[in-house]
Amino acid sequence: ELLKQPQYQPMPAEKEVVVLFAGTRGYLDDYPISAVQDYEAKLLEFIVNRHQDILEQIKNDKDISPELDKSIRAALDEFKGIYKAPA
């Protein structure tokens, strides 16, 4: 589910990195598969609105440094505290 994208609407690489980071680091483990698309959409909205610097750093550096790893984890932890999966 995490890798699905609408046809003709490719996701920028920096956003893909954040989404895949969340998926591969266990941040989606507590949610049913049916909530993945909602999680992804709301996570990206959250990152764009509150942590644009993370996206810029991924885009510019093209690497995840230890500092960026910590920043992404902190943002995902913050998001986990506010995200409620649809019932």
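The following is a dialogue about helices, buried residues and contacts in a predicted model.

Reader: What should I know before reading the values?

Author: This is a predicted model, in which local features need pLDDT of at least 70, side-chain atom pairs count only at pLDDT 80 or more, and totals for chains, interfaces and linings use all residues. Residues are numbered from 1 along each chain as its sequence is written, and side-chain values use heavy atoms, with hydrogens and water left out.

Reader: What makes a stretch a helix here, and where is helix 2?

Author: Helices are DSSP runs of H or I with at least four residues, numbered from the N terminus. Helix 2 covers residues 36-50, and Y39 lies in it.

Reader: Why is Y39 called buried or exposed?

Author: Buried means under 20% relative accessible area, exposed means over 50%, and partly exposed lies in between (1.4 Å probe, protein chains only). Y39 has a relative accessible area of 2%, so Y39 is buried.

Reader: What does Y39 touch?

Author: Contact means heavy atoms within 4.5 Å. Leaving out residues up to four places away in sequence, Y39 touches A22, Y27, L28, Y31, L76, F79 and Y83. Y39 is also 8.6 Å from K84, C-alpha to C-alpha, while the two are 45 residues apart in sequence.

Reader: Why is Y83 called buried or exposed?

Author: Y83 has 5% relative accessibility, and therefore counts as buried. Y83 is in the segment after helix 4. Its contacts, not counting residues up to four places away in sequence, are Y31, A35, D38, Y39 and K42. Between Y83 and P32 there are 13 Å in space, C-alpha to C-alpha, and the pair is 51 residues apart in sequence.

Reader: Why is L44 called buried or exposed?

Author: L44 is at 13% relative accessibility, so L44 counts as buried. L44 is found in helix 2. Apart from neighbours within four places in sequence, L44 is in contact with M11, K15 and V19.

Reader: Why is H51 called buried or exposed?

Author: The relative accessible area of H51 is 16%, so H51 is buried. H51 sits in the loop between helix 2 and helix 3. Not counting residues up to four places away in sequence, H51 touches F46, A75 and E78.

Reader: Why is K62 called buried or exposed?

Author: K62 reaches 70% relative accessibility, and therefore counts as exposed. K62 lies in the loop between helix 3 and helix 4. K62 has a positive phi of about 55 degrees although it is not a glycine.

Reader: What is P12 called at 36% relative accessibility?

Author: That value lies between the two cut-offs, so P12 counts as partly exposed. P12 is found in the segment before helix 1.

Reader: What makes a set of residues a nonpolar core?

Author: A nonpolar core is a set of buried Ala, Val, Leu, Ile, Met, Phe, Trp, Tyr and Cys residues joined through side-chain atoms within 4.5 Å. The largest one here has 20 residues, and those with the most contacts inside it are V18, Y39, L43, I47, I54, I72 and L76. Helix 1, helix 2, helix 3 and helix 4 are the elements that give two or more residues to this core. Helix 4 supplies the largest share, five residues. As for L43, its contacts beyond four places in sequence are V18, A22, L76 and F79.

Reader: Why is helix 1 called roughly perpendicular to helix 3?

Author: Axes are lines fitted to C-alpha atoms, for helices over the stretch in contact, and angles run from 0 to 180 degrees between N-to-C directions. Angles under 35 degrees count as roughly parallel, over 145 as roughly antiparallel, 65 to 115 as roughly perpendicular and the rest as oblique. The axes of helix 1 (residues 13-24) and helix 3 come within 8 Å and cross at roughly 110 degrees. That makes helix 1 roughly perpendicular to helix 3.

Reader: Which residues meet there?

Author: E14, K15, V17 and V18 of helix 1 meet I54, L55, I58 and K59 of helix 3. By class, this contact has five nonpolar, no polar and three charged residues. The classes are nonpolar (Ala, Val, Leu, Ile, Met, Phe, Trp, Tyr, Cys and Pro), charged (Asp, Glu, Lys and Arg) and polar (the others, Gly among them).

Reader: How do helix 3 and helix 4 cross, and which residues make the contact?

Author: The axes of helix 3 (residues 52-61) and helix 4 (residues 66-82) come within 10 Å and cross at roughly 145 degrees. The contact is made by I54, Q57 and I58 of helix 3 with L68, S71, I72 and A75 of helix 4. Five of these residues are nonpolar, two are polar and none is charged.
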